[in-house]
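Reader: I am new to this structure and should like to understand the terms by which it is described. Please explain each of them from the values.

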Amino acid sequence: MGTEDLAEELRAAIGRFVRATRAHADGLPPARAQAMGHLSREGPQTIACLAGRHGVRHQSMSRVVGELESLGYVTRAANPDDARGFVIALTPAGEAALEADRAARRAWVATAIETRLTPAERAILLAVPALLDRLAADD
C-alpha cells in the first residue's frame, strides 16, 4: 500500500471512528457541542468569531448561542473592544454539560477498546495518540 492509499484509509477510518463515538455517546447536538468546545478551549468569543471558526453564518451562530443561553450554558457580556457587541462565555453549567459529553465519549471508547480489541491490538493502539499528534504538529 502506498503512502497516499494509507493516508486515505487513515482519513476514512478516523472519520468513521469520530462519527461512531458521537452517535453512541454525545448528548449535545453537534452545533452546540462545537460552539461550547471552542469557548472551552479558547475562552470568551464574539458571535462573529464563533461563526467564522465553524464556517456558518452569523445568524445561524446567533441562534445556537441563543439556545445555549436559554439552557444556561453560556452568558453574554459587553464587548470591551466594541460597545455595540457582546462576547459569549461558557458558564459552569456549560462546562459541566461539555464534560459530561466528553466523559460519555471516553467511556464508550474505553468499553469498545476493552471488548472489541485483543490485548495485542490494545498494545498497538498505545502508540496511536502520539503518532497522530506528530502528524498534526505545526512544524
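Author: The answers below take up helix packing, salt bridges, burial and a surface patch in turn.

Author: This is a predicted model, in which local features need pLDDT of at least 70 and side-chain atom pairs count only at pLDDT 80 or more, while totals for chains, interfaces and linings use all residues. Residues are numbered from 1 along each chain as its sequence is written, and side-chain values use heavy atoms, with hydrogens and water left out.

Reader: Why is H1 called roughly perpendicular to H5?

Author: H1 and helix H5 (residues 92-116) pack at an angle of about 115 degrees, with their axes 9 Å apart. Axes are lines fitted to C-alpha atoms, for helices over the stretch in contact, and angles run from 0 to 180 degrees between N-to-C directions. Angles under 35 degrees count as roughly parallel, over 145 as roughly antiparallel, 65 to 115 as roughly perpendicular and the rest as oblique. H1 is therefore roughly perpendicular to H5. The helices themselves are DSSP runs (H or I, at least four residues), numbered from the N terminus.

Reader: What makes H2 and H3 roughly perpendicular to each other?

Author: H2 packs against helix H3 (residues 47-54) at an angle of about 110 degrees, and their axes are 11 Å apart. The pair is therefore described as roughly perpendicular. For H2 and H5, the axes come within 10 Å and cross at roughly 110 degrees, so H2 and H5 are also roughly perpendicular to each other.

Reader: Which of the crossings, that of H2 with H5, is left-handed or right-handed?

Author: H2 passes H5 in a left-handed crossing. H2 passes H3 in a right-handed crossing, and H1 passes H5 in a right-handed crossing. The term left-handed applies if the near helix is turned anticlockwise from the far one by less than a right angle, and right-handed applies if clockwise.

Reader: How do you know that Asp26 forms a salt bridge with Arg105?

Author: The closest N and O atoms of Asp26 and Arg105 are 2.7 Å apart. A salt bridge is a side-chain nitrogen of Lys or Arg within 4 Å of a carboxyl oxygen of Asp or Glu, so the pair qualifies. Asp26 lies in the loop between H1 and helix H2 (30-42) and Arg105 in helix H5, so the salt bridge ties together parts that are 79 residues apart in sequence. A search of the whole structure finds 7 salt bridges.

Reader: What makes Asp26, Asp101 and Arg105 a network?

Author: Salt bridges link Asp26, Asp101 and Arg105. Besides the pairing with Asp26, Arg105 forms a salt bridge with Asp101, the closest N and O atoms being 3.9 Å apart. Arg105 and Asp101 are 4 residues apart in helix H5, which means that about one helical turn separates them.

Reader: Why is Asp101 called buried?

Author: Asp101 has a relative accessible area of 5%. Buried means under 20% relative accessible area, exposed over 50%, and partly exposed in between (1.4 Å probe, protein chains only). Asp101 is therefore buried. Asp26, at 23% relative accessibility, counts as partly exposed, and Arg105, at 23%, counts as partly exposed.

Reader: How do you know that Glu67 and Arg32 meet in a salt bridge?

Author: The side chains of Glu67 and Arg32 are 3.2 Å apart, N to O, and form a salt bridge. Glu67 lies in helix H4 (residues 58-71) and Arg32 in helix H2, so this pair ties together parts that are 35 residues apart in sequence. Glu67 is partly exposed at 26% relative accessibility, and Arg32 is partly exposed at 21%.

Reader: What makes Met61 buried?

Author: Met61, in helix H4, has a relative accessible area of 3% and is therefore buried. Met61 and Ile113 are 52 residues apart in sequence and 36 Å apart in space, C-alpha to C-alpha.

Reader: Which residues form the nonpolar patch on the surface?

Author: Leu10, Ile14, Phe17, Val18, Leu125, Val128, Leu132 and Leu135 form this patch, with about 620 Å² of accessible area together. Helix H1 (3-25) and helix H7 (128-136) are the elements that give two or more residues to the nonpolar patch, and the largest share, 4 residues, comes from H1. Patches are made of residues with over 30% relative accessible area and no salt bridge, where like charges are joined within 9 Å and nonpolar side chains (Val, Leu, Ile, Met, Phe, Trp, Tyr) within 5 Å. Accessible areas come from the Shrake-Rupley method with a 1.4 Å probe, and for residues only the protein chains shown count as cover.

Reader: Why does Leu125 count as partly exposed?

Author: Leu125 lies in helix H6 (residues 119-125). Its relative accessibility is 32%, so Leu125 counts as partly exposed.
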